[in-house]
Amino acid sequence: MEAQERPPNDDDPFNQGRPKTKVPNGTILVKGAWSSASDALTPLPEGGSIANNKYANPYFGLTYPLPLDWLQKFEGPPPSESGRYVLAQITPTDTYKGPSRGNILITAQDMFFTPLPGANALALVQYTKDNLPADYQVEPKPPEAKIAGRSFASLAYWSPVAGLHWYLLATQIRCHTVELVLTSRDPRLLESLTQHMNNMKLPEEASPTAGTGGDAVPICSKDYARDENLIARVDPVFTEHRPNPVPVRIIIDKEGRVKHIHFLSAFPDQARAITEALKQWRFRPCLRNGQPVEVETGIMFGPAASPAP
């Protein structure tokens, strides 16, 4: 099992279709930490894509038909060290004829690695509400809190100075808080976009306070890699000292072996060393109703990401 780096290989599905950018003469590029995985078949949170006017993310089991004449122009950055993903940024196309414009941002926060207080989507939305900058105001009527039959935590706020309104809708899937952030100067557009989101398909587990996997995907457990569940552990041997945190999600099979490794952010040498070590880890099988199940958990190698201010 060797970590598969996503960026440099043109055959990698993550790179197919990405435009190549020519840098100026004399420019030196230094590659930083990046996301990678031990195989190219297991879905990843950042693996969503837009095709046939539809955003689909197999990891989250989420499908979203885009509004007419809305599309993504630019892909988001790789996941952060604290487990923050920009999954899609959707805006009106040049042919859009609507009376006002706006923006749809789909993000995810890995709840294993978040530096923010709160254990679920509902708590993160409350944290956002409690920590809005002074020049933002909470609007009295929150947006519809049920999308496609699933409950969402919701918040509406605006900036009188900028004249912009935001709708924030959040739910939890596979121990990630998935957020839909709608922005416009026109609240009527935000209400229309919220209604259109009822065309979305979501997994049954989606919930503001639950969302812990199961059924067709592994269950997720934040602290499953604790000592009482470990039978054998080998520490990685690094060839170079680096100060960056390396957040890793792993899937443990029913026999207690590491089946899949996802590096949210790691240098290639770190990914190789950690992969070699994790291949030798053994866990007690995770049981649900007396039966072994696959479990997904998180491990932070190196220093943790900085806590929220």
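**A sheet, two helices and a cavity**

Okay, let me start with a hole: the second largest cavity in this structure has a volume of about 40 Å³. Keep in mind that we're looking at a predicted model. A search of the whole structure turns up two cavities of 30 Å³ or more. So what lines the second largest one? Going along the chain, you get Pro43, Leu44, Pro45 and Tyr59, then Arg249, His260, His262 and Glu296. By type, that lining splits into four nonpolar, two polar and two charged residues.

Right, on to the sheet. Seven strands make an open sheet, and if you walk across it the order is S6-S7-S8-S14-S13-S12-S9, with antiparallel pairing. At the edges sit S6, residues 70–72, and S9, residues 137–138, each pairing on one side only. As a quick reminder, strands in a sheet pair through backbone hydrogen bonds, and that can be parallel or antiparallel.

Let's come in from the S9 edge. S9 is joined to S12, residues 153–159, by two bridges, and those strands run antiparallel. If you want a pair to click on, valine 138 has tyrosine 157 in S12 as its bridge partner.

Now, which helices pack on this sheet? One is H1, residues 121–130, which touches S8, S9, S12, S13 and S14. The direction of H1 makes about 20 degrees with that of S12. The other is H2, residues 187–196, touching S6, S8, S13 and S14. For H2, the angle is about 20 degrees with the direction of S13.

Next stop, S13, which covers residues 164–173. Is this strand mostly covered or mostly open? Mostly covered: nine of its ten residues are buried.

S13 has a neighbour on each side in the strand order, S14 and S12. With S12, S13 pairs antiparallel over seven bridges, and one pair there is alanine 156 with tyrosine 167 in S13. The hairpin of S12 and S13 has four residues between the strands, and glycine 163 in that hairpin takes a positive phi near 70 degrees.

On the S14 side, nine bridges join S13 to S14, again antiparallel. Have a look at histidine 165, which stands opposite serine 184 in S14. The hairpin of S13 and S14 has two residues between the strands, and here arginine 174 has the positive phi, near 50 degrees.

So, to recap: a seven-stranded open sheet, with H1 and H2 packed on it, and S13 mostly buried. That's it from me, thanks.

How values were computed
Residues numbered from 1 in each chain as written. Predicted model: local features only at pLDDT ≥ 70, side-chain atom pairs only at ≥ 80, totals over all residues. Heavy atoms only, no water. Pairing = 2+ DSSP bridges. Contact = heavy atoms within 4.5 Å. Axes fitted to C-alpha atoms, helices over the stretch in contact; angles between N-to-C directions. Buried < 20%, exposed > 50% of the residue type's maximum accessible area, 1.4 Å probe, protein only. 1 Å grid on protein atoms, 1.4 Å probe; cavity = no way out; pocket = protein on both sides within 12 Å on 5 of 7 lines; lining within 4 Å. Points joined across faces, edges and corners; volume = space filled by probe spheres on them. Nonpolar A, V, L, I, M, F, W, Y, C, P; charged D, E, K, R; others polar.
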